[in-house]
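Work through the exercises below with the sequence and the structure in view. Each task is followed by a solution in steps.

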Amino acid sequence: AVVSTQSTGEVERKRDEKIKAMKAQGATPEELDQLIGQHNEEVQKLTNKLDADKLRQQQKLQAQIERRRAKQKNQAIEKIKQEATEEVVGRKGELEENFSKIQKNTSDKILSVISLPSSATQLP
C-alpha cells in the first residue's frame, strides 16, 4: 500500500512539474487542459491497477482462509473418528472381559454340579 501511495504522489508531482513548465513556456489553456486530461487518465489507470491488485489479494486471502478452515474441519472430524474408534475398542475389550468372566462362572458351576456325589443329587 505504501508503494501505491508513493506512485500516486509521484504522478501528482510529475503533473505539477509539467504544468509549471508548460505555463513557463506560455502554454495555452487548451494545452493545459489536455495535460490535465492525460493526468486524470494516468490516475484512473493507476487506481484501476490498485483496485485489481487489492481484489487479487483479497481473493488470495479468502482462498487461504477457506483452505485453513477446511483443514481444521478435517482435523476435527479425524479426531472425533479416532476417539470413537478408541471408545469402541475400549468397550469391546470390556465386553470380552465380562463375557470371559461369565463363561468361567458358568463353567465353574457346571463343574461343581458334575462333581457332586450322586447321592447328593438324589432327593430323599
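## Exercise 1: Overall layout

Task: State which pattern the protein follows along the sequence, and how many helices and strands its secondary structure comes to.

Solution. Reading along the sequence gives the pattern α-α-α. The count is therefore three helices and zero strands, with helices taken as runs of at least four residues. This is a predicted model, and the next exercise turns to its confidence.

## Exercise 2: Confidence

Task: Find which element has the lowest mean pLDDT and which has the highest.

Solution. Start with the whole protein: its average pLDDT is 86, and 88% of the residues score at least 70. Then go element by element. Helix α3 (residues 118–121) has the lowest mean, 55, while α2 has the highest, 93. Where pLDDT is low, the predicted coordinates should not be read in detail.

## Exercise 3: The span of helix α2

Task: Compare the expected span of helix α2 (residues 29–114) with the distance between its end C-alpha atoms.

Solution. Helix α2 has 86 residues. The expected span is 1.5 Å times one less than the number of residues, so for α2 the result is 128 Å. In the model the end C-alpha atoms of α2 are 125 Å apart, which agrees with the expected span.

## Exercise 4: Surface and burial

Task: Determine what percentage of the residues count as buried, and which residues they include in α2.

Solution. The protein has 124 residues, of which 6% count as buried. The accessible surface comes to about 11,000 Å², and 56% of that surface belongs to carbon and sulfur atoms. Within α2, the buried residues include Leu 32, Leu 35, His 39 and Leu 46.

Take His 39, which is placed in helix α2, as the worked case. Its relative accessible area is 5%. Buried means under 20%, so His 39 is buried. Next, look for its contacts, leaving aside neighbours within four places in sequence: His 39 is in contact with Val 11, Glu 12 and Arg 15.

## Exercise 5: A salt bridge in helix α1

Task: Explain why Arg 13 and Glu 17 are separated by about one helical turn, and say whether Arg 13 is buried or partly exposed.

Solution. Both residues lie in helix α1 (residues 2–24), and because they are four residues apart, about one helical turn separates them. Their side chains meet in a salt bridge, at 2.7 Å from N to O. Arg 13 has a relative accessible area of 43%, so it is partly exposed. Glu 17, at 44%, is partly exposed as well.

## Exercise 6: Salt bridges in helix α2

Task: Say how many salt bridges a search of the whole structure finds, then describe the one between Glu 87 and Arg 91 and the one between Lys 104 and Asp 108.

Solution. The search finds seven salt bridges. In one of them, the side chains of Glu 87 and Arg 91 meet at 2.8 Å, N to O. These two residues are four apart in helix α2, about one turn of the helix. Glu 87 is partly exposed at 43% relative accessibility, and Arg 91 is partly exposed at 48%.

In the salt bridge of Lys 104 with Asp 108, the closest N and O atoms are 3.1 Å apart. This pair also lies in helix α2, four residues apart, about one turn. Exposed means over 50%, so Lys 104 counts as exposed at 52%. Asp 108, with 37%, is partly exposed. Elsewhere, Lys 49, Asp 53 and Arg 56 are joined into one network by salt bridges that share partners.

Key: Residues are numbered from 1 along each chain as its sequence is written. This is a predicted model: local features need pLDDT of at least 70, side-chain atom pairs count only at pLDDT 80 or more; totals for chains, interfaces and linings use all residues. Side-chain values use heavy atoms; hydrogens and water are left out. Buried means under 20% relative accessible area, exposed over 50%, partly exposed in between (1.4 Å probe, protein chains only). pLDDT is the predictor's confidence in each residue, from 0 to 100. Contact means heavy atoms within 4.5 Å. Accessible areas come from the Shrake-Rupley method with a 1.4 Å probe; for residues, only the protein chains shown count as cover. A salt bridge is a side-chain nitrogen of Lys or Arg within 4 Å of a carboxyl oxygen of Asp or Glu.
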